[in-house]
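This report describes a protein model for a reader at the bench. The sequence and the structure come next, followed by the text.

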Amino acid sequence: MSKSIQSIKERLKAIHSLTDPTIEEFRQDSRKGVKQALVAFENRLKKEALIKEKYQEMSIFEKMGYESGHEWIAGIDEVGRGPLAGPVVAAAVVLPKNEEILGLNDSKQLSEKKRELLYAQIQEKAIAIGIGIIDEKTIDEVNIYEASKLAMIQAVEKLAVKPTYLLIDAMTLDLPIQQEKLIKGDARSVSIAAASIIAKVYRDDLMKQYDKLYPGYGFDHNAGYGTKEHLLGLAEKGVTPIHRKTFAPVKNYLL
C-alpha cells in the first residue's frame, strides 16, 4: 500500500539533503501530488542553502577576530535615531563561536514575525546580551548622534562577559577595546545583525507600552516615527513627556 501524499510531505519536512535514499523512492511515485511535493522540497533546500551561504558571508569579520585570538566578540547596533519620541536603544551581543543562528540580517529587512523568532533564538543561544537605553531628555541635551554612542557604550558595559573586540555599525566608541567600524554592518556581520534585532524588538515593545500611557499617537505601530497619525496626535493632543523636544516638528508645537 502506497504512502499517503500528506505523510510523504511530512517526511520531506524532516529531510535536509538530496542524497537521502528516501528521495529516490519518492521519485518513483507517479502521483502528481508527490511530484509537486518534491518540487517544493527542492526549492526549500535551495533556499536553506542560500541562507547558510549568507550566514557564512556575514561571519567573515567574526572569523577574522577569532583567528586574531579574540574569544569574546561583540556586535553592536542601535535603533531609534529618527523617531520624534522615545529613547534610543542599543544592543551588544556576543554570539557563540560554533553555533549558527540562520536568517540573521539587518532587522529592517526582516518581517516582525521573523524578528520575533530570531529574537527568541538570540536570547536562547547568545553568550551575552547587553542593552543600553538613553532617554529623550538626554537626547535633547547631547544630540541624537552622541546619545546613540552613549547607548552603545552602556550596552557594552552591561555585557556579562568582557569583549576584547567590537564590531560596530557605522560608529567608533570611546572605549579601550579594539574595534572595527562597519558601514551597513547590520547587513555584513552576524553579530551586528543580532544586535540590531535585539535592539529593534526591545524598543518596539517599549513603544507599545508607551502607547498605553499616551494613546492617540500610534506608538504601538509607528515606534515614535513621524507618521501622519503621529503628527495628527501632536496637533490634537500636544507634546508628551517622551517626545524629543529638539526635534522638528515637536519643537514647533512648543513654540
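Leaving aside its neighbours within four places in sequence, which residues is Ile153 in contact with? They are Leu173, Asp174 and Leu175, where contact means heavy atoms within 4.5 Å.

This is a predicted model, in which local features need pLDDT of at least 70 and side-chain atom pairs count only at pLDDT 80 or more, while totals for chains, interfaces and linings use all residues. Residues are numbered from 1 along each chain as its sequence is written, and side-chain values use heavy atoms, with hydrogens and water left out.

**Overall form**

The protein has 11 helices and five strands. Helices (H or I, at least four residues) and strands (E, at least two) are DSSP runs, numbered from the N terminus. The radius of gyration is 23 Å, well over the 18 Å that the globule rule gives for 255 residues, so the protein is more spread out than a compact globule. That radius is taken over C-alpha atoms, and the globule rule is 2.2 Å times the number of residues to the power 0.38. The C-alpha trace spans about 80 × 50 × 25 Å along its principal axes.

Of the 255 residues, 47% are buried. Buried means under 20% relative accessible area, exposed over 50%, and partly exposed in between (1.4 Å probe, protein chains only). Among contacts between residues at least 6 apart in sequence, 63% join residues at least 24 apart. The accessible surface comes to about 13,500 Å², and 54% of it belongs to carbon and sulfur atoms. These areas come from the Shrake-Rupley method with a 1.4 Å probe; for residues, only the protein chains shown count as cover.

There are 37 positive and 36 negative side chains, and the centres of the two sets lie 5 Å apart. Lys and Arg count as positive and Asp and Glu as negative, with His and the chain ends not counted. The place of a charge is taken as NZ of Lys, CZ of Arg, CG of Asp or CD of Glu.

**Nonpolar cores**

A nonpolar core is a set of buried Ala, Val, Leu, Ile, Met, Phe, Trp, Tyr and Cys residues joined through side-chain atoms within 4.5 Å. In the largest such core there are 34 residues, and those with the most contacts inside it are Ile76, Leu166 and Leu173. Two or more residues each come from β1 (73-79), β2 (88-94), β3 (128-134), α7 and β4 (165-169). The most come from α7, which gives seven residues. A second, separate core has 23 residues, including Leu95, Ile101, Val190 and Ile198.

Leu166 is in contact with Ala74, Ile76, Val156, Leu175, Ile177, Gln178, Gln179 and Glu180, leaving aside its neighbours within four places in sequence. Ile153 is found in helix α7 (residues 144-157) and is buried, at 16% relative accessible area. Its C-alpha atom is separated by 7.5 Å from that of Leu175, 22 residues apart along the chain.

**Selected residues**

The table lists five residues with their places and relative accessible areas.

| Residue | Place | Relative accessible area |
|---|---|---|
| Ile8 | helix α1 (residues 5-13) | 2%, buried |
| Ile15 | loop between α1 and α2 (21-27) | 2%, buried |
| Ala170 | loop between β4 and β5 (178-182) | 28%, partly exposed |
| Ser189 | loop between β5 and α8 (190-213) | 0%, buried |
| Ala223 | loop between α9 (219-222) and α10 | 8%, buried |

Not counting residues up to four places away in sequence, Ile8 is in contact with Lys3, Phe26, Asp29, Arg31 and Val34. Ile8 and Ala37 are 29 residues apart in sequence and 7.9 Å apart in space, C-alpha to C-alpha. With the same exclusion of residues up to four places away, Ile15 touches Asp20, Thr22, Ile23, Phe41, Arg44 and Leu45. The C-alpha atoms of Ile15 and Leu45 are separated by 9.1 Å, with their positions 30 residues apart along the chain.

Ser189 touches Met58, Glu62, Leu167 and Leu182, again not counting residues up to four places away in sequence.

**Backbone details**

Phi of Ala170 is near 55°, a positive value in a residue other than glycine. For Ala223, phi is also near 55° and positive. Ala248 and Pro249 are joined by a cis peptide bond, with omega about 5°. Pro249 is found in the loop between α10 (228-237) and α11 (250-254).
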